[in-house]
Amino acid sequence: MASIFTKIINGEIPSYKIYEDEKTYAFLDINPEAKGHTLVVPKVEVDKIYDLEDDDWNALWASVKKVAKHMEEVTGRRVVMKVVGTDVPHAHVHLTPLSETWEYGKTLKLREDEFEEIRAKLAF
Ligand code: 5GP
C-alpha cells in the first residue's frame, strides 16, 4: 500500500505544496511545530532515509538546502532541520523556521487560511 506521502505526491491527498522537482516534493507539515514547518520528501518511497540510493539521497539533500535557504530568506529566521521518521515510513526531512515559541515536538493548530497564507509566502 502506498504511503501517505506517496498519496500526497500523487495528488490523491491534498497538501500545501512549497516546492517540487523531478525527484523531490516539499509541503507544509499538518501538525507544525512553528509556522512554516515543511517536510521535504523523496518521490521514491523508501522507509529509512539512509536506505535511499545515492542519486535520490543527493537529490533530497539538494532540495533540503534549496528549501531551507529560501525559507531563511523569506522568514529571516534560522532554519531548524531534523530527521525523525518514527511516524511515517517514507523518508523525509523536517525544516522549521526557528521562532520564540518553537519547542521540540510541541505543535500548533492552524486554520486552513493560515496554512494557505504560509504556503503562499514560502512556495517557489
Ligand atoms: P516523523 O515520521 O518524522 O516522526 O513525522 C512525520 C510527520 O508527518 C509529522 O510531523 C506529521 O505531522 C506529518 N504528517 C503525517 N501525516 C500527514 C499528512 O497527511 N499531511 C501532512 N501535511 N503531514 C503529515
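**Exercise 1.** In this predicted model, determine which helix gives the most to the lining of the second largest pocket, and describe that pocket.

*Solution.* Helix α3, spanning residues 112–122, gives the most to the lining of the second largest pocket, contributing five residues. About 370 Å³ of space lies in this pocket, and of the 16 residues that line it, Lys35, Gly36, Thr75, Ile118 and Lys121 are the closest to its centre. Sorted by class, the lining of the second largest pocket has six nonpolar, four polar and six charged residues.

**Exercise 2.** Describe the largest pocket by its volume, its lining residues and their classes.

*Solution.* The space in the largest pocket comes to about 560 Å³, and its lining is made of 26 residues, with Phe5, Asp29, Ile30, Asn31 and Leu39 lying nearest the centre. The elements that give two or more residues to this lining are α1 and β2, and α1 gives the most, with three residues. By class, the lining of the largest pocket divides into 13 nonpolar, nine polar and four charged residues.

**Exercise 3.** Locate the ligand and work out which polar atoms of Asp29, Thr86 and Val88 lie close to its oxygen atoms, taking 3.5 Å as the cut-off for a polar contact.

*Solution.* The ligand sits in the largest pocket. The shell around the ligand has 16 residues, of which Asp29, Asn31, Gly85, His92 and His94 come nearest. An oxygen atom of the ligand lies 2.5 Å from a side-chain N or O atom of Asp29; for the side chain of Thr86, the corresponding distance is 3.2 Å; and a polar backbone atom of Val88 is 3.0 Å from a ligand oxygen atom. The protein covers 85% of the 520 Å² of accessible area that the ligand has on its own.

Notes. Residues are numbered from 1 along each chain as its sequence is written. This is a predicted model: local features need pLDDT of at least 70, side-chain atom pairs count only at pLDDT 80 or more; totals for chains, interfaces and linings use all residues. Side-chain values use heavy atoms; hydrogens and water are left out. A residue is near a molecule or strand if one of its heavy atoms lies within 4 Å of it. A polar contact is a pair of N or O atoms within 3.5 Å; within protein, one must be able to donate a hydrogen and the other to accept it, and residues adjacent in sequence count only if both atoms are side-chain atoms. Accessible areas come from the Shrake-Rupley method with a 1.4 Å probe; for residues, only the protein chains shown count as cover. On a 1 Å grid over the protein atoms alone, a cavity is a set of points where a 1.4 Å probe fits but cannot get out, and a pocket is an open set with protein on both sides within 12 Å along at least five of seven lines; lining residues have an atom within 4 Å of a point. A molecule sits in a cavity or pocket if more than half of its atoms lie within 2 Å of its grid points. Grid points are joined across faces, edges and corners, and a volume is the space filled by probe spheres set on the points. Helices (H or I, at least four residues) and strands (E, at least two) are DSSP runs, numbered from the N terminus. Ala, Val, Leu, Ile, Met, Phe, Trp, Tyr, Cys and Pro count as nonpolar, Asp, Glu, Lys and Arg as charged, and the others, Gly among them, as polar.
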